[in-house]
Every structure is written in C-alpha cells, then in structure tokens.
Amino acid sequence: HRRRATPTSVWSSVSTTAGSCGSATSASSGGSASTHAHRGRRADGAELRVVHRDVSPANVLVGFDGNVRIIDFGIAQAAHRVGGDVAGAVLRGKFGYMSPEMVRGLPLDRRSDVFALGIVLHELLSGRRLFTGPTELAVMEKVRTAQVPPPSQANPSVPSALDAIVLRALAREPGDRFPWASELREALRPWARRLGRAPRQKLAAQMADWFPAELREEEERRTR
C-alpha cells in the first residue's frame, strides 16, 4: 500500500495480485510457482495439494526487478501430510486474511488461498483493510459471513467488471470462487496488460519511483 492507506492504481493492484497467483513460493530457495504448489505432485505422482494458509500483504513481496513473490510457507500444509484434505481445526495465520472455511474449522484446499488473494487485491484497490473489528473474534465473524462490498465502493475508479472478479475470489463458499489461483491470474491478466507495457517492467519502474532510496541502497549493496 506504498506505506499509506490510499488505493494503489488499478493497474498496479491487478499486476501485483496476478503476479502473486503465479509467484515464487520462496525468495530464498527460488521455489516453484504458487500455482505449482497447488498443482504439484510427489515423486510417486500423488498430488501435494499444498495450502499456504497465510497469504497476506506481509508475505507478498514485489522486487525491484518487477517480480512478485509469495514468501513464508512456514504454516503451509500438504494434504499427504495430514491424511486427506488439509485440516483447518487449528487456527494459524492472520485473522483478517483467513477464509470463511478456515474460521469455521473446516477442511481447506487451494481455494482458501484464492480467498486470501482476493482480500489482498480488494485492499490494494480500496486502500483500506477489508475485515476489521475491535477484537479478533469480531474480525473472524466478519470473515465467516464474508459480506464483502465491491472495491469500487471505496474507489470509484475500479470498473464493475473488475469488481466482479474480486467478489468471485471472495465468495463465501469455496465452490463459488475461482477453483485455482491460475484462473484468478488469467482473469486479471487483461487488466494488467491494458497499458501496453510488460507488467513486470512496469512494476519495476513503479518500484523505482516509489522507493528510490531503497533502490539506491540495493544497487550499492550489489556493487560491493
């Protein structure tokens, strides 16, 4: 949010979220794409069905090269480790970025991460937190009901067609959401390309504009 509670441009918002849908799972290991985490298989061919469980702005990094990475898979779980669907009975992660099924203690799958990506996109577009409350219990109740206003309510520059994409990602029932993060990414790609410049190049240029001092420090560090 560029360190202040203001909406990020529609283009930057969708480019960052689209990048998150296909981003590296670990900045340190250069891991596979987040979509691969959902679709990946073990050596024996069995599906991993990894669920990140903690997708939030703090774990979405945009580099000066324009690449978007999702980090911190510390509480991620794979179905083969827990005997079937990923368990949701133990609440882990940030309450304001949980899915309704996580709050309800139901089994989780990749669509829980899609919901969290929808929260991040909504907040980028609106410039404000989506699920807030005076207590953690109040926040979880808002997540559980998932009564979400369109981001255009806070930011009139958001087109209605983009509202529809965000609200589908934030549907209360997993079956009403995009079934894969990759499908959310494909829905956002046309918006990211509207300015005619490669999304990664433009994100890199915007990062340089937003954080010139940090970029200089990074360049100096690399030349030492």
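## A guided tour from helix 6

Begin at alanine 146, which lies just after helix 6 and takes a positive phi of about 50°. The model is predicted; local features need a pLDDT of at least 70 and side-chain atom pairs count only at pLDDT 80 or more, whereas totals for chains, interfaces and linings use all residues. Residues are numbered from 1 along each chain as its sequence is written, and side-chain values use heavy atoms, with hydrogens and water left out.

**Helix 6.** Select residues 136–145, where Val139, Met140 and Val143 are buried (under 20% relative accessible area; exposed is over 50% and partly exposed in between, with a 1.4 Å probe and protein chains only). These residues lie on the same side of helix 6 because they cover an arc of only 95° around the axis, the arc being that of the directions from the helix axis to the C-beta atoms. Add helix 4 (100–103) to the selection: this helix is part of what covers the buried residues of helix 6.

**Serine 160.** Move next to serine 160, located in helix 7. This serine is exposed, with a relative accessible area of 62%. Proline 150 is 10 residues away in sequence, and the C-alpha to C-alpha distance between the two is 8.5 Å.

**Helices 5 and 7.** Now display residues 110–126 (helix 5) with residues 160–169 (helix 7); their axes come within 8 Å and cross at roughly 140°. Axes are lines fitted to C-alpha atoms, for helices over the stretch in contact, and angles run from 0 to 180 degrees between N-to-C directions. On helix 5, select Val114, Phe115, Gly118, Leu121, His122 and Leu125, which meet Leu162, Val166 and Ala169 of helix 7. The residues of this contact comprise seven nonpolar, two polar and no charged. A contact means heavy atoms within 4.5 Å.

**The whole protein.** Zoom out to see 10 helices and four strands, which are DSSP runs (helices H or I, at least four residues; strands E, at least two) numbered from the N terminus. From that terminus the order is α-α-β-β-β-β-α-α-α-α-α-α-α-α. Of the 224 residues, 45% count as buried.

**Confidence.** Finally, colour by pLDDT, the predictor's confidence in each residue from 0 to 100. The protein averages 79, and 72% of the residues score at least 70. Residues 24–33 have a pLDDT below 50, and this stretch has 20 contacts in the model beyond near neighbours in sequence. Over residues 78–84 the pLDDT likewise stays under 50, with 13 contacts beyond four places in sequence.

Notes. Ala, Val, Leu, Ile, Met, Phe, Trp, Tyr, Cys and Pro count as nonpolar, Asp, Glu, Lys and Arg as charged, and the others, Gly among them, as polar.
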